[in-house]
Structure formats: C-alpha cells, structure tokens
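Trainee: I am new to this one, and I would like a close look at a single part rather than a quick tour. Could you pick a stretch of strands, walk me through it, and then show me how to read some other places?

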2 protein chains.
Amino acid sequence: MKRYLSIDPWNIVEGGFDPRHHRLSESIFSIGNGKMGMRGNFEEQYSGPSLQGNYLAGIYYPDKTRVGWWKNGYPEYFAKVLNAVHWVGLEVMVDGQPIDLYKNDISRYKAVLDMKKGLLQREFVVKLGEGKDLKICTERFYSMADDEIGAMKYEITPLNFDAKVELISLLDFDVVNNDANYDERFWTEHDSSFDAYIDAVKAVTHKTRFEVWCHGHTSLQTGGQPVTSQDVAATSTCIRRQYSLGLTRGQSVCLTKVVSIVSSFYYARDLLGSTGRKVLEEAVHLGYETLLDRHVQAWAQKWEEHDIRIEGDASAQQAIRYNIFMLNQTYTGKDARLNIGPKGFTGEKYGGSTYWDTEAYCLPFYLSTTGATVAKNLLLYRYHHLPKAIENAEKLGFTRGAALYPMVTMNGEECHNEWEITFEEIHRNGAIAFAIYYYTRYTGDETYLISHGLEVLIGIARFWAQRFSFSKKKGQFVLLGVTGPNEYENNVNNNWYTNYIARWCLSYTVQMLEKYREHEHFEALKARSGFDFQETNYWKEIIDRVYLPYDEKKGIFLQQEGFLDKELIPVSELPESELPLVQHWSWDRILRSCFIKQADVLQGLYFFEEDFDKETIERNFDFYEPMTVHESSLSPCVHSILACRLQRIDKAYQLFLRTSRLDLDNINHDTEDGCHITSMAGTWMSVVIGFGGMKIKDNALSLSPVLPHQWRGLSFRIQFRNHLLEINITPDRCSIHLQSDKPLDILLYGKKATLQPGVNSFSFSTTKP
Amino acid sequence: MKRYLSIDPWNIVEGGFDPRHHRLSESIFSIGNGKMGMRGNFEEQYSGPSLQGNYLAGIYYPDKTRVGWWKNGYPEYFAKVLNAVHWVGLEVMVDGQPIDLYKNDISRYKAVLDMKKGLLQREFVVKLGEGKDLKICTERFYSMADDEIGAMKYEITPLNFDAKVELISLLDFDVVNNDANYDERFWTEHDSSFDAYIDAVKAVTHKTRFEVWCHGHTSLQTGGQPVTSQDVAATSTCIRRQYSLGLTRGQSVCLTKVVSIVSSFYYARDLLGSTGRKVLEEAVHLGYETLLDRHVQAWAQKWEEHDIRIEGDASAQQAIRYNIFMLNQTYTGKDARLNIGPKGFTGEKYGGSTYWDTEAYCLPFYLSTTGATVAKNLLLYRYHHLPKAIENAEKLGFTRGAALYPMVTMNGEECHNEWEITFEEIHRNGAIAFAIYYYTRYTGDETYLISHGLEVLIGIARFWAQRFSFSKKKGQFVLLGVTGPNEYENNVNNNWYTNYIARWCLSYTVQMLEKYREHEHFEALKARSGFDFQETNYWKEIIDRVYLPYDEKKGIFLQQEGFLDKELIPVSELPESELPLVQHWSWDRILRSCFIKQADVLQGLYFFEEDFDKETIERNFDFYEPMTVHESSLSPCVHSILACRLQRIDKAYQLFLRTSRLDLDNINHDTEDGCHITSMAGTWMSVVIGFGGMKIKDNALSLSPVLPHQWRGLSFRIQFRNHLLEINITPDRCSIHLQSDKPLDILLYGKKATLQPGVNSFSFSTTKP
C-alpha cells in the first residue's frame with residue numbers, strides 16, 4: 001500500500017487506478033480554500049467503495065450523543081462536520097454505456113494534485129469494449145482568490161470511434177453523513193430552482209438551521225461551439241441538467257461548471273439566494289480561465305510565504321509541501337469563528353473543529369508563516385468561547401468563573417463523550433494558556449495579553465486552583481484523576497505534564513496580573529472577570545507546593561505516579577504484527593502496559609525547554625522515547641524536535657519522515673477516513689523548530705540549524721516582528737536573507753548575531769553542530 | 001413518593017391510583033414463576049406512561065453494541081432480556097366508552113400483591129359519568145405448580161346502570177424493547193392461528209432464532225352462562241377475540257384467560273406448536289380454580305422453606321417477605337442454563353442475566369433455603385461457560401487456558417461495553433472461585449469441587465497468574481489497571497480487595513489441587529485442562545509476594561494505592577441535595593472524591609472474616625463506612641452484616657432497612673425501571689448471616705444471633721447438611737428446632753452446642769450479646 005504515489009517535488013501523482021486505494025486517494029486528493037473543501041471524489045458516478053465528502057467551514061450539526069452508558073456531565077450532542085452539496089457530480093453515458101471506473105476497464109490513469117497551483121487533475125482512457133477508447137481529462141479547484149467559488153472542467157474525447165454522448169450535470173444536496181449516530185438526515189428543507197442559465201439548490205440543517213445555497217452554471221463546448229442542454233430535471237434536493245450530442249472520432253467536448261456556495265454563516269438569510277446568484281454571475285462573467293489565473297496567483301502568494309525547500313531528498317520535499325498545502329487549504333485565518341479540524345475538509349471523523357492541536361501545534365505554524373493577525377484569530381476564537389468554557393466547568397461542579405475549555409468543540413460547547421477524555425484530559429486548558437504566552441513571546445506584543453489574554457488566563461487559573469486538591473499524606477497539592485496527552489493512560493494521579501503545566505498556568509497568570517495591575521485596562525478586566533487579587537494568595541500557595549512525581553534514582557520525571565510499577569519494555573521488543581497497538585490489543589492491556597501513545601513528559605520538556613538542562617532532557621528522552629509507539633499523529637514531531645535538540649539527527653530524521661509522510665504513506669492505516677491535518681503543522685514544527693532550531697530566547701529569535709545527512713539544503717521563511725527572514729541552510733553554512741529595512745539581532749547557535757537587511761551568511765557545520 | 005404502599009405482613013397494597021407512580025407500581029407488582037414473569041401492567045388499555053414487560057427466562061436478543069468510541073476487545077452485542085408476548089391485554093368498552101385508567105375517573109382503587117398466594121389482584125370503580133359506576137375486579141398469576149401456565153380473571157359489574165359491554169381479549173406479540181440500541185425489532189417471523197376454542201401467536205427472535213408460542217383460551221361467563229365470542233380478528237402478530245353483551249345493573253361478567261407459553265429453549269422446534277396447545281388444553285381441562293389451588297399450594301411449600309418472621313416490626317416483616325418472594329419468582333433453580341438477572345422479570349434494564357451478584361449474594365440464599373441442588377445449578381452455570389470464559393480471556397490477550405468470566409452475560413459471552421468495567425472489573429473471577437469454596441464449605445461435600453470446581457479454579461488461577469505483573473520498584477506482584485467492586489473508582493492500581501481475592505484464588509486452587517492430586521478423577525481433570533503441577537510454582541511465587549496496600553499509621557487496608565491522597569470527608573458532610581452522587585455529580589468528580597459506592601475493603605473482610613481479628617475489621621469499618629454512599633444496591637447488606645459482627649446493632653438495622661425496603665420505598669429513585677432482584681438476596685443475608693450470625697466455622701454451623709431493639713422476635717429456617725433448622729430468636733433466648741433424625745453439633749456464640757432433634761432452647765441476651 002505504501003508509496004503507491006510517486007515522489008515529485010510539487011505534485012502528488014497517482015499513476016494508475018486501483019479501487020482498493022480509492023478511499024485513500026479521495027482523502028489525499030482533497031482540495032479546499034479555508035472556507036470550503038471536498039474529498040477527491042470522482043466527478044462521474046463511481047459504484048465502488050467511496051466516501052463522498054463536501055464540507056463547509058463553520059457549518060455543523062449537533063448529532064445526538066451516542067454512548068453505551070450515560071455519565072452525568074456528558075454533552076448532549078457531538079458537533080459533526082457536515083457533508084454538504086455535491087456539485088462536481090456528473091453522469092456520463094457513451095454509446096449507452098455509463099462511465100463508472102469501478103466497472104470500466106481503464107488505462108493510462110493519472111491523477112495529479114498540483115500543489116503549486118492548487119489544482120486537481122485527472123486523465124485516463126476508458127476502454128469501452130469493441131476497441132472503443134474514450135479519453136477523459138478533468139480539472140477542478142476551489143478558488144483561493146474568490147473563496148465562495150468552485151470550478152471544474154470535464155473533457156471527453158472518443159479517440160477511435162464516433163460516439164453518442166449523454167452528460168448530466170448534477171447539483172446534488174441529497175447527501176448524508178456516514179458517521180451519523182442514529183442514521184439521521186442532517187439537512188432538511190431542501191429547495192431547488194433553475195432557469196436556462198443557472199441552477200440552484202438550497203438546504204437547511206436540522207436543529208442548527210444553517211442555510212446553504214449552491215448556484216451552478218454549466219456550459220458545454222465542442223469545437224468552439226456551445227452545446228445547449230436538452231432538459232433539466234429537478235427535485236427539491238437535486239438538479240440534473242442533461243446534454244446529449246454526437247462526437248466524431250477525435251472530437252472533444254468539454255463541460256465547464258462553476259458554482260458559488262454561500263451560507264447563513266456569512267449572510268443574512270433573506271439575501272442568501274440573491275447573493276449566491278450574484279457571486280456566481282460575477283464568476284461566470286470572469287470566466288473559467290480568469291478564475292483559474294486568480295486562484296493560481298493566490299497560491300503563488302501563499303507559497304511565497306510558506307514554501308520550504310529541501311535539497312537532496314525528494315520524498316521529504318514532497319511531504320513538507322503537502323503538509324503546508326493542506327494546512328493552507330484548511331484554514332486561512334480570515335475568520336476568528338473558524339478553526340482547524342483534525343481532518344480539515346478531508347473526512348468526517350472526529351467531528352468538531354477544535355482540539356488542543358490548534359494551540360499546541362497549529363499556532364506556531366500560522367504565527368511564523370502568515371503572521372500575527374491570523375494567529376490572533378486563533379486566540380480570539382478561544383477568547384470568544386470563554387463564557388462557554390465557564391459554563392462547561394460549572395457542569396462539572398466548578399464555580400466562581402473557573403473555565404474548562406472543551407476537549408472537542410465547534411462553538412465552544414464540549415462535544416466529546418468519553419469520561420476519561422471529556423472530564424479528565426484537562427491539560428488542554430494548559431495549552432490554551434501556553435498559546436497566549438507563545439504568541440506574546442514570539443510577537444513581543446503584549447496588547448493581546450492585556451486586552452483579551454488575561455481574562456482567559458484568570459478563568460484557567462481559577463479552574464486549576466479548584467482542580468488541585470491537597471494531599472495531607474504528601475503535604476502537597478495533587479491533581480487526581482486526569483488523562484495526560486498520552487491517552488494510553490486514563491484516570492491517573494499526578495500526570496507530570498498536567499501538574500507542571502497547571503502550575504505554570506497559575507504562575508504565569510499571577511506574574512502577568514502583577515505586571516499589569518496598574519494598566520489602564522486593568523479595572524475593566526476586573527469588572528469583566530470579577531477578579532480580586534486576594535484570589536492569588538491561594539494560587540501562590542499551590543504554586544509553591546505542587547507535587548511533581550520524580551524518580552531520584554533514574555533522574556526522570558514520572559509520567560504519572562506509580563509509572564515505575566509497570567514492566568518496562570522497549571517498543572523494539574514488540575512483534576511488528578502487534579502494531580499499532582490500538583488495533584491489536586485490548587484497551588486494558590494498552591493501559592497497563594508501559595507503552596506510550598505520545599510521551600507527555602517530553603511534550604512538557606519541549607514546551608518548557610528553558611526550565612531544564614540538556615542532561616535532564618536527555619535522560620527523559622532516553623527513558624521515554626523507546627517506549628513510545630507514536631500512535632498519536634501528534635507524537636513524532638515533538639520527539640523529532642527534542643531529538644534535534646539532543647543532536648540525535650538520525651532519530652530526528654526518522655521521526656520527521658513519520659510525521660511528514662503520515663498520510664502520503666498511510667502510516668497509521670487510517671488515511672482513508674481523512675488526512676491528519678493538525679499533525680501537518682507538527683511536521684512544519686519539526687522542520688523549522690526542530691531542524692531549524694527556531695525558538696525565542698532572551699526576547700530574541702534564536703536559530704540553531706542542524707541538517708540531516710540526507711539533505712543537501714534546507715530553506716524556509718518566517719515572519720518575525722515585522723521582519724521576513726529567509727533561512728538557507730547547507731551542510732557548511734547558514735545564510736539568512738533579512739527582508740526588512742532595519743537590522744535584527746538574533747541568536748545563532750546561542751550566540752548573538754546582528755542581521756543586516758539583505759543576505760547574511762555564516763559558516764558552520766550544520767550536520768555536526 | 002416513599003411509603004405510598006401500605007405496611008402489611010403478607011401483602012403489598014396500593015390503596016389508590018396515582019398515575020405518577022404507575023411505572024413504579026408496575027415494577028413492584030411484577031409476578032413470575034422462575035420460567036417467566038411480567039411487570040404489573042394493566043389488563044385494560046392504559047394510555048399513560050407505562051413500561052410493558054413480559055419476559056421469558058433464557059430468551060434473549062444480542063443487541064448490537066452501542067458505544068461512543070469503540071475500543072478493541074469490546075463485545076459485538078449486549079444480550080438483552082426480551083420483552084415478549086403480552087397476553088393479559090384486553091380492550092374494554094362500556095356504553096361505547098373505552099376503559100383507560102389514565103383518562104377515566106376512578107375510585108376505591110386497590111391493588112394487592114398477595115405474597116402468600118403469589119396472586120396479583122386489583123379492584124376499582126370506574127366513574128363513567130352520568131352517574132354510571134362500573135366495578136372491575138382482576139386477578140392473575142403465573143403458576144408456580146405448572147410453570148408454562150399463566151392465568152387471569154377479569155370481572156366487570158355495572159353497579160348502577162344497564163351496560164352494553166364490549167370486550168376484546170388480546171394475544172399480542174407486536175412488542176418492542178424500550179432499551180433497543182437502534183430501535184430494532186427483536187422479534188420477527190410472526191404467525192398466528194385460532195379456532196373456536198384456542199388462539200395462538202408465535203414469533204422468532206432475529207439472530208438468536210428463539211421461537212416462542214403462546215396459546216390462549218379465553219372464556220366469558222355471566223350468571224353461570226358462557227358467552228361466546230362474536231368475532232376473532234387476527235394479524236400475524238396479534239389475535240383479538242371479541243365479545244359483546246348487555247349487562248343489567250348489578251350483573252357481572254367474568255372473563256377468564258389461561259395461556260401456555262412454550263419456547264425452543266425447552267422443546268424441539270417442530271413440536272412447539274402442538275406442545276403448547278397440549279399444555280394449554282390440560283390446563284383448561286383442570287380449570288382456573290384448580291390451577292390456582294395448585295399454584296397456591298406450591299407457594300405454601302416455598303414459604304415453608306423460606307419464610308422469615310420478624311415480630312414487632314411490620315415494615316421489616318413485609319420487606320423481608322417481599323425480598324424472598326421476588327427471589328423465588330425470579331429463579332427456582334431447576335435449570336442450570338438460567339440465572340438471576342439483576343432486574344429479574346421486572347424490567348429491561350442492565351440486560352444480561354448474570355453478574356457477580358449471583359455468586360457473591362444469591363448463592364448463600366439459595367443454598368440455605370432451597371438446598372444444594374439448586375445452588376449447584378448456579379455453580380454448573382459457570383462451569384458450562386468455562387470455554388467461553390477462556391475465549392473471553394483470549395480476546396484480551398491472555399493465553400494457555402486462562403479464564404476471565406464475563407462481567408455481564410447471558411450465554412457465557414461478555415456483554416458489557418465500558419472498558420473500565422468489562423476489561424478491568426476482574427474481581428468477578430474471584431467471586432466465582434469463592435462461590436465454589438462457599439458451597440463446599442457449607443455443604444461439607446467436595447464432590448462438586450472435584451468433578452467440576454477444580455477445572456474452573458485452574459482457569460481462574462491461570463488468569464490471575466498472567467494478570468499479576470511484577471513491579472521491580474516494589475519487588476512485589478501488583479495488579480495494575482483494575483476496577484474494584486467500588487465502581488466509584490476506575491482503573492486503579494492495586495485495589496486491595498482484588499489483590500486479596502486474587503491471591504486467595506491462587507492459594508485455594510493450589511491447596512485443592514494438592515489435596516486431590518491422587519484422586520481417581522485427577523488424571524481426567526489434567527487431560528481436560530492441560531494442567532501441569534509445574535504451573536503452580538509460579539503461582540506460589542506470586543502468592544508469597546502479592547502487594548497489599550496498607551497504611552501502618554491508620555492500621556487500615558488501602559482501598560487502592562494512593563487512596564490517602566484524597567480529601568477524606570464523611571458522607572454526613574454532603575448536602576442531602578447532592579445525593580445520590582451519581583445523579584448530581586459529574587463522573588470525574590465522583591472518581592476523584594473519597595466517596596465509595598460500596599466499600600470493597602469491607603466486602604473482603606466479610607468474605608475472609610476468619611483471616612482478620614475484630615479490631616482490624618473495626619478500624620476498617622470505621623474508616624470506610626462513613627465515606628460510603630451505598631449507591632450500589634449490593635452495598636448496605638454487607639455493611640449491615642459487618643455492623644452485626646461489631647455489635648453495632650443500630651447501624652446494622654439502619655442498613656438492613658436500606659436494603660430490604662430499597663424497592664418498596666424506592667430509595668434509589670429508580671425502581672420504575674424494575675426491582676433490584678439480586679440485592680434482595682443481600683437482604684436475606686443481612687438477616688440470616690447478619691442478625692442470625694450464621695457462618696461456617698471449624699467445619700460446623702455457627703450462629704451468633706443479635707436482635708435489633710425494634711424487633712421482639714426473629715425466626716428463619718435454613719437447610720444445613722441434611723438437617724432443617726428453624727431458629728427462633730427473642731430478646732432473651734434462642735430456640736432452635738432441629739428437624740432431623742440425628743443430633744447436630746453447632747457453635748452458638750462461638751461455643752460448641754449439640755442440638756437434639758426437636759426443639760433446643762438457649763437463654764441469652766440477644767440484644768446485648
């Protein structure tokens with residue numbers, strides 16, 4: 001299964017069709033523009049196994065919770081990413097035979113996802129029997145320039161026969177979610193209309209009452225002449241516009257379809273129909289080629305900001321670009337109500353749109369590549385959900401403005417329904433606080449902290465203060481009953497990572513409150529939050545006496561209390577056939593084993609690197625990494641970064657491949673459900689923060705590049721405090737192009753260096769730093 | 001809500017109708033005969049909230065598992081107790097008005113469950129308006145003598161008007177389960193037939209293909225004359241036999257319906273129709289009154305064995321009889337394929353039929369009251385499931401014949417689907433071994449142990465040997481990731497109770513294997529189980545080095561490692577409004593609190609009383625009981641027994657009331673879903689083992705009666721090794737009637753006494769022993 005796609009620096013190429021890979025390819029070939037996206041479903045009918053998926057950012061359905069045994073405090077529903085209007089659909093009949101790649105013989109199949117242009121293209125020859133060969137070429141994109149527009153082309157050529165062709169262009173809103181808990185239909189109140197020129201379908205979601213309109217314009221051309229439609233058949237859910245024509249041998253017909261999709265998420269309901277039509281009319285007026293140009297230009301701009309070049313390792317080059325490409329397709333940062341779903345627009349799985357992935361993994365990517373405005377929208381998203389986070393904590397028995405952010409959410413309400421996650425995986429609150437710190441530290445700009453961040457920090461600090469309990473036995477504060485980022489342990493006491501980040505939250509909040517107590521906005525903050533400095537007395541008591549499990553003899557932090565009672569076995573001793581554990585072992589066996597999904601002690605050492613010396617990081621890395629199965633897609637990247645810090649470059653490279661090619665090589669055997677979008681930001685981190693050694697130290701940008709021996713060069717761009725830096729690393733030098741009108745002091749391998757505008761070049765051995 | 005039923009020594013009386021209590025009354029007024037049973041649903045139509053329930057022992061449906069997030073190892077289905085044919089149903093129209101107690105005005109309503117006779121009766125007057133009063137009297141039973149027969153009478157009398165009456169007698173197999181996971185219909189392949197004399201409906205369960213036939217014979221009499229039916233309307237699922245007649249003022253009409261219910265659980269499928277008809281014909285030939293006589297006689301025999309008399313406390317008297325009555329209605333011990341469902345025939349909830357309740361709570365009851373044969377059937381049930389228990393363990397990764405009995409089962413396969421229970425609440429294996437020990441110790445008969453028990457013990461010992469792991473840190477064997485009987489802790493390490501009983505299992509198994517190694521059946525056992533004495537070397541290593549958490553300072557066993565890190569608060573400090581916790585607190589809050597559903601350390605001290613001195617029991621009782629919320633119905637009885645042992649008679653009495661009147665007073669606010677059948681055996685234990693002080697010591701029966709000051713007398717009967725003893729306890733004496741032809745040596749308050757056949761009387765203060 002692995003490597004069925006070819007290696008290419010700018011393209012994902014599938015050079016042949018195999019229905020066993022089809023669902024996987026549909027995930028890989030997903031396209032999107034941050035506002036909407038779709039899986040790589042075929043245009044023509046396909047009767048084999050397939051997951052049809054068309055998704056719109058912000059449009060969700062609260063699907064009634066399904067659990068075996070209800071626990072008090074579970075959320076009533078799980079917000080599902082919603083499968084919406086399927087507009088690329090066609091029915092194609094040639095000489096009375098329906099085209100269906102599951103049934104037809106095909107040859108010369110090639111699908112190409114052109115990442116540079118953001119364009120999905122396919123071409124193939126259908127062998128219709130009796131020696132009839134039919135060539136089909138397709139192309140589609142979701143416009144990055146005009147973000148309510150999708151467009152496609154579908155060209156048919158009978159290569160060696162005269163053909164009678166029937167084509168039906170569909171706008172189909174008769175769709176369901178595969179993962180509906182009770183086979184419910186999420187869309188109701190369908191309607192459709194058409195005229196000679198434009199088709200339209202609309203639907204409204206049950207319960208949430210989101211309204212969506214899709215307007216479509218289909219045109220057919222052959223030999224420079226338009227073909228008009230014979231007939232249009234419409235139901236309330238689907239419009240079928242029908243064409244019929246004869247083609248002579250070698251003559252092509254090309255169908256072009258342009259659609260606009262607008263929703264009540266952006267527009268007043270009563271204007272939706274007219275707006276959608278207007279948007280479409282403008283696009284049709286521009287024409288397909290112009291739309292495509294604008295789209296490609298927009299992508300060129302994106303690549304200008306985001307591209308990473310890796311020399312000498314085509315597979316890594318392709319992978320990093322794919323990761324960056326997918327992230328940009330998923331989230332563009334224009335709207336603080338949106339976020340980055342774990343599957344983006346590539347599948348239904350996991351529902352919700354926001355996990356702690358956003359703060360811990362995605363924020364650094366967007367902050368360094370697209371700048372502070374986009375990153376700030378990610379922070380604002382949580383700020384706007386603060387009242388819901390307070391409500392959520394209240395449901396669990398917390399009081400006085402304590403905020404527990406949800407594990408999974410769409411609109412600020414908790415969606416997840418496993419007690420060990422929903423109620424116990426509370427470290428997410430830590431990551432949300434840490435993101436405020438990360439943003440502030442990176443930008444050097446404390447205005448967000450003052451205007452919004454502090455209020456979030458107060459809610460989070462209040463939560464931790466109530467969640468810690470005092471152990472008389474230990475004479476210390478403890479966190480009982482938690483699940484750490486390593487979800488292969490549930491309901492443990494004193495997870496080191498959680499205790500550490502909780503203490504950090506309290507401490508950072510106290511520091512920042514004291515720093516800004518005289519600030520002009522402080523009184524307003526107090527009024528909004530009801531904050532009183534007296535609260536911090538107890539917080540400080542906790543800060544001074546948090547229990548952090550540690551083993552003196554081994555000199556390691558304990559993942560949780562009692563971890564050393566386990567039988568400690570390295571992953572290397574497990575039979576290959578039992579991996580991934582989650583697919584082969586019962587849950588209890590995983591839980592009581594030493595094996596780690598993602599090592600959270602190491603996650604903590606990554607977040608708080610400056611608190612620890614290298615020997616401590618090394619001892620913990622050497623203890624935990626060998627027991628880590630990396631069955632969370634978020635795991636390898638952080639381990640790769642730490643391996644870089646420890647100059648374990650080979651290890652770092654291995655782990656980088658695991659994160660960067662996770663979907664392209666289907667490493668976790670689950671990409672058919674969708675791509676692992678948020679971990680793609682982790683891939684970027686492993687390059688820029690890992691191999692690039694980027695961090696903020698002493699209020700300055702710090703770089704310590706190391707280069708795997710597989711690479712001849714690495715270059716990436718980052719935005720930093722109104723400077724744009726292009727960093728080029730080769731085995732023996734590091735040159736930094738500073739695009740700025742001012743010099744910039746940075747740290748290079750820990751030493752101060754002043755960059756001048758233009759190219760700055762430094763000689764180093766980056767492979768053996 | 002509490003005490004809406006009147007106190008009466010032999011009857012449960014509802015003196016008035018309140019639709020708000022209807023579902024609760026339906027549970028309380030359930031009837032059954034061990035083979036089948038039904039909730040106290042009304043005969044006539046009732047349009048208000050109601051849970052219709054008719055259940056047949058052994059007939060179940062494997063309902064596809066519903067979980068939020070699938071875990072490897074979960075069972076595919078949950079075996080559901082199946083709602084079956086509703087045969088008591090009638091439609092009654094008087095002067096064109098349908099009788100429906102939810103809508104009609106009614107007066108003089110009285111429902112009586114006569115526990116002595118096993119008879120449910122109701123009478124009431126329906127006020128039809130315009131001054132018309134209609135009296136209705138009903139009666140029904142499931143024959144304890146003829147266990148495939150149910151019978152009912154329904155008498156209508158217009159008290160003060162001439163009435164036109166229409167009556168439709170139903171056999172209705174168009175039924176569903178309320179708790180179906182996916183609203184599936186569990187019965188398919190319905191069929192029906194009728195002739196002038198007999199109606200019949202049949203149905204087959206989907207998947208399991210159980211076939212059930214219900215034959216019914218309805219007759220109507222008025223003034224000594226039969227009324228014939230006008231019409232019979234049948235669909236495949238339901239037969240409606242229709243009568244219509246005029247009654248003059250004061251004239252009664254009485255409908256009698258007798259049914260037989262037979263199933264493929266007992267008969268070959270091709271004989272089912274004819275067998276059911278034959279069984280019914282014989283019953284009809286006997287006639288209703290004879291059937292009733294036989295039934296009442298059978299109950300008289302039951303009461304002869306089971307009755308407990310409590311003098312001076314009518315509420316306790318009623319309660320203990322209700323508990324004994326329901327246990328006998330649920331399980332009669334004739335068939336080793338059947339077991340005691342937690343709700344018996346009183347509701348759908350919990351599905352399955354067998355929990356560890358059977359071994360830990362029900363076995364002592366049946367063993368002492370109905371004798372060794374019935375108790376042995378309970379043991380054989382598990383013996384027959386040994387291969388499934390081995391399969392179950394294999395699914396979780398265990399090997400070489402290790403057996404893990406399921407948490408919930410119908411046919412030996414696991415049904416439960418919460419990982420913290422299914423995979424972790426493994427102490428059930430201990431209770432199953434302990435039951436073999438209990439039976440053997442009580443009967444003094446080791447033949448079951450040798451012929452069957454040892455094979456089960458080997459499977460269980462193998463499981464524990466693999467489940468223990470060695471902690472290098474502790475230098476001891478540990479059980480990581482378990483849930484004890486206190487289900488308000490999940491996934492803990494070293495639950496004292498589990499570790500203790502696991503060690504005991506290994507130790508008892510080794511002892512018994514060594515004891516019987518020369519037995520003539522031993523080679524056959526080795527052949528069946530593949531057992532080799534070498535296995536015991538490792539078992540002995542474990543036995544010697546099991547970690548049992550203990551706190552030196554407090555002198556208590558720790559419920560689990562780390563328990564003392566919790567904030568320890570007595571239940572008495574909780575606001576009443578937050579109880580029961582499970583209905584008011586989020587699950588995580590319960591888990592990290594000190595509050596205990598049932599104190600499993602105390603369960604262990606009860607099981608293994610002889611291993612501990614009184615001071616140890618007292619220290620642990622005083623530490624744990626105050627933190628115990630008793631939110632398991634199985635909790636109060638064991639605590640009551642220990643309180644008796646510690647001469648805390650008031651405490652014991654309080655706890656006895658809580659278990660004995662759990663359903664009658666709806667203490668847990670959930671009896672509307674069905675009664676807590678298995679905990680009723682715990683009530684019996686709290687009387688006989690608690691107040692009676694019954695145990696086996698030095699291979700002799702030991703009694704140490706104590707009497708709550710509320711009671712003037714207590715008497716109960718037990719069977720013990722071919723002796724029948726009736727024990728009468730008053731505040732100042734204990735007399736024991738030995739029905740036997742031989743004397744019996746017993747221990748009375750720890751001192752040896754020889755009982756002679758006939759009455760033996762001893763003077764004691766039983767209230768201050």
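Mentor: Let's begin with β29(B) and strand β30 (residues 733-739) of chain B, which run antiparallel and are joined by seven bridges. Strands here are DSSP runs of E with at least two residues, helices are runs of H or I with at least four, and both are numbered from the N terminus. Two strands are said to pair if DSSP finds at least two bridges between them. The link from β29(B) to β30(B) is a hairpin that passes through two residues. To find a matched pair across these strands, look at B:Leu725, whose bridge partner in β30(B) is B:Leu738.

Before we go further, a word on how to read the model: it is a predicted one, in which local features need pLDDT of at least 70 and side-chain atom pairs count only at pLDDT 80 or more, while totals for chains, interfaces and linings use all residues. Residues are numbered from 1 along each chain as its sequence is written, chains are lettered from A and ligands numbered from 1 in the order in which they are written, and side-chain values use heavy atoms, leaving out hydrogens and water.

Now look at the other neighbour of β29(B). Strand β28 (residues 713-720) of chain B pairs with β29, residues 723-730 of chain B, in the antiparallel sense, over seven bridges. Here B:Phe716 stands opposite B:Ile727 in β29(B). The hairpin of β28(B) and β29(B) has two residues between the strands, and B:Arg721 in this hairpin takes a positive phi near 45°.

That phi value deserves a short pause. Most residues other than glycine have a negative phi, and most peptide bonds are trans. With that in mind, turn to chain A. A:Asn699 has phi near 60°, a positive value in a residue that is not glycine, and it sits in the loop between β27 (695-697) and β28 (700-703) of chain A. A:Asn699 counts as exposed because its relative accessibility is 55%; the cut-offs are under 20% relative accessible area for buried and over 50% for exposed, with partly exposed in between, using a 1.4 Å probe and protein chains only. A:Tyr749 likewise is not a glycine yet has a positive phi of about 50°. You will find A:Tyr749 in the loop between β32 (744-748) and β33 (751-755) of chain A, and at 22% relative accessibility it counts as partly exposed.

The peptide bonds hold something to look for as well. In chain A, a cis bond joins A:Leu579 and A:Pro580, with omega about -10°. A:Pro580 belongs to the loop between β26 (556-557) and α14 (581-584) of chain A. In chain B, the bond from B:Leu579 to B:Pro580 is cis, with omega near -10°, and B:Pro580 lies in the loop between β25 and α14 of chain B.

Stay with that loop of chain B for a moment, since B:Gln560 is also placed between β25 (556-557) and α14 (581-584). Is B:Gln560 buried or exposed? It counts as buried, because its relative accessibility is 4%. Leaving aside residues up to four places away in sequence, B:Gln560 touches several others, including B:Glu489, B:Pro549 and B:Lys566; contact means heavy atoms within 4.5 Å.

For a helix residue, try A:Thr422, which lies in helix α8 (residues 419-422) of chain A. A:Thr422 counts as buried because its relative accessibility is 3%. Among the residues that A:Thr422 touches, not counting those up to four places away in sequence, are A:Pro75, A:His416 and A:Arg428.

By way of contrast, A:Ala196 sits in the loop between β15 (187-194) and β16 (199-205) of chain A, and at 78% relative accessibility it counts as exposed. A:Ala196 and A:Ser229 are 33 residues apart in sequence, with their C-alpha atoms 8.5 Å apart in space.

Finally, step back to chain A as a whole. Chain A has 20 helices and 34 strands. Its radius of gyration is 27 Å, close to the 27 Å that the globule rule gives for 769 residues, so chain A is as compact as a globular protein of that length. The radius is taken over C-alpha atoms, and the rule is 2.2 Å times the number of residues to the power 0.38. Of the 769 residues of chain A, 66% count as buried.
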